[in-house]
Amino acid sequence: METIIENCNNSEAIDTAAKILRQGGLVAFPTETVYGLGGDALDPSASRRIYAAKGRPSDNPLIVHIADKNAVRELAAEVPETAVILMEAFWPGPLTIILNKKPIVPDETTGGLPTVAIRMPSHPAAMEMIRRSGVYVAAPSANRSGRPSPTTAEHVAEDLSGEIQMILDGGPVGIGIESTIVDLTGPVPMILRPGFITKEMLSAVVGPVELDPSLVELDRESSRKDHPADFTKTENPSSGPAPDMAMQHPKAPGMRYTHYAPRGTLSIVSDIAHPEQVTEAVTERIIVLAKEALAAGKVTAVLTTGENSGAYAALTEDPHFHRIILGNTDDGQTVAAHLYAALRTCDSLGCEVIYTESFRRDALGSAIMNRLIKAAGHRVIPV
Ligand code: TXA
Ligand code: MG
């Protein structure tokens, strides 16, 4: 199949995309978070095609994208007051809510779950495409399963060219990491995946909000001391359930898989005494580790911030060394926007060993660290 790529500012391209969706085909499209791979959410065969194109396990449910808040009442069995408040406060925008589903939502779309994930994206092309298609659009991130989520149309083409009918090109996305997911089926709203909409932002409108216990555990892990990173091990745990998540099952099935992973071995270097800071001890350790990897003949990369990048200047003379600056320390938005592209850059540079500094867990910081810890397959090197 030939994949057509069209600029999303072209109104005819939106019409073409809408028609493909109506006919059961697949279209990748920009949202404010990451690119999505859309298909008709109420057509089981379209959902099956999404799983096939991504190479994704079919027990990992899809998010249903809508362009009109009223659609929630057609998809969800009941719409609690908290859902109404959250929709009013954050839609359209990077928030996904989980509600009990109505029978019209096929099991193929929800991975057999009795619940459905719903989100109203704010990207104008996404909204227009959904509206003109007349269908609800099931859309996971438009990457091959296990690869970093796509933040440009080129990333989508890298992974899915030839597998899908169309890519709508909207340039680089704004946010760069996936939506916050909140489960509203229990007594207290529970965050299943952190994102741009933070716990504090949610609590400000609906009161107490819980974190999925498996997220808390993931957080704790990043300050554990028993995760030695061995760069000589080349296997990359890029798919399948991460073994150490077995004790606490994340409620979002997708959070169980080692996602976002670059092909090289990524490790987070973190100062146990000051996990919120990149201390000199951290940069010094990264330099030592990078030198060791380079001496072993490995193409090596360091992910850093504008402020800290100078520490690695001497290493940049080695042609096998790559320094990738994600943004400034206090600018979580820029770091988030560059994170997945940086992981893909590591792949295209053929990096075998990658070290990253850790990031402060303020606002977007917890979402950034959540994605990094997963990308690193939980490898944290304590200093
Ligand atoms: O920002 C986003 O949410 C992007 C854009 C394209 O909208 N989409 C996205 O989709 O990230 P995906 O499929 O890559 O991630 C969806 C996550 C998975 O972890 C999945 O397990 C979880 O949502 N999920 C979907 N339906 C669920 C449900 N009914 N209950 C619990 N988790 C669910
Ligand atoms: Mg995804």
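**Close-up views of a predicted model**

**View 1. The pairing of β2 with β3.** V27 has G38 of β3 standing opposite to it, in a model that is predicted rather than determined by experiment. The strands concerned are β2, which covers residues 27-29, and β3, which covers residues 36-40; they run antiparallel and are joined by 3 bridges.

**View 2. The open sheet and its edges.** Eleven strands, β1 to β11, make up an open sheet with mixed pairing, and their order across the sheet is β1-β8-β2-β3-β7-β4-β6-β5-β9-β10-β11. The edges are taken by β1 (4-7) and β11 (210-211), and because each of these has a single partner strand, one side of each is left without a neighbour in the sheet.

**View 3. From β9 through β10 to β11.** A hairpin of 6 connecting residues leads from β9 to β10, and these two strands, of which β9 spans residues 180-183, run antiparallel with 3 bridges between them. Within this pairing, V182 has I191 of β10 as its bridge partner. Towards β11 the arrangement is parallel, with 2 bridges joining β10 to that strand, and here I191 stands opposite L211. I191 can therefore be followed in both pairings, as the bridge partner of V182 and as the residue opposite L211 in β11.

**View 4. Polar contacts of ligand 1.** Which residues come nearest to ligand 1? Of the 29 residues around the ligand, these are T33, N60, H65, S179 and G254. A polar side-chain atom of T33 is placed 2.6 Å from an oxygen atom of ligand 1, and H65 likewise has a polar side-chain atom 2.6 Å from an oxygen atom of the ligand. For R119, the distance from a polar side-chain atom to an oxygen atom of ligand 1 is 2.9 Å. Taken alone, the ligand exposes 670 Å², and the protein buries 98% of that area.

**View 5. The shell around ligand 1.** Ligand 1 sits in the largest pocket of the model. What kinds of residue form the shell around the ligand? The shell divides into 16 nonpolar, 8 polar and 5 charged residues. At least two shell residues are supplied by each of the strands β4 (63-65), β6 (115-119) and β10 (190-193), and β6 gives the most, with 4 residues.

**View 6. The cis peptide bond at P92.** W91 and P92 are joined by a cis peptide bond, for which omega is about -5°. P92 belongs to the loop that lies between α4 (81-90) and β5 (95-100). As background to this view and the next, most peptide bonds are trans, and most residues other than glycine have a negative phi.

**View 7. The backbone at A363.** Where does A363 lie? A363 has its place in the loop between β15 (353-357) and α12 (365-375). The phi angle of A363 is near 35°, which is a positive value in a residue other than glycine.

Key. Residues are numbered from 1 along each chain as its sequence is written. Chains are lettered from A and ligands numbered from 1 in the order in which they are written. This is a predicted model: local features need pLDDT of at least 70, side-chain atom pairs count only at pLDDT 80 or more; totals for chains, interfaces and linings use all residues. Side-chain values use heavy atoms; hydrogens and water are left out. A residue is near a molecule or strand if one of its heavy atoms lies within 4 Å of it. A polar contact is a pair of N or O atoms within 3.5 Å; within protein, one must be able to donate a hydrogen and the other to accept it, and residues adjacent in sequence count only if both atoms are side-chain atoms. Accessible areas come from the Shrake-Rupley method with a 1.4 Å probe; for residues, only the protein chains shown count as cover. On a 1 Å grid over the protein atoms alone, a cavity is a set of points where a 1.4 Å probe fits but cannot get out, and a pocket is an open set with protein on both sides within 12 Å along at least five of seven lines; lining residues have an atom within 4 Å of a point. A molecule sits in a cavity or pocket if more than half of its atoms lie within 2 Å of its grid points. Ala, Val, Leu, Ile, Met, Phe, Trp, Tyr, Cys and Pro count as nonpolar, Asp, Glu, Lys and Arg as charged, and the others, Gly among them, as polar. Two strands pair if DSSP finds at least two bridges between them.
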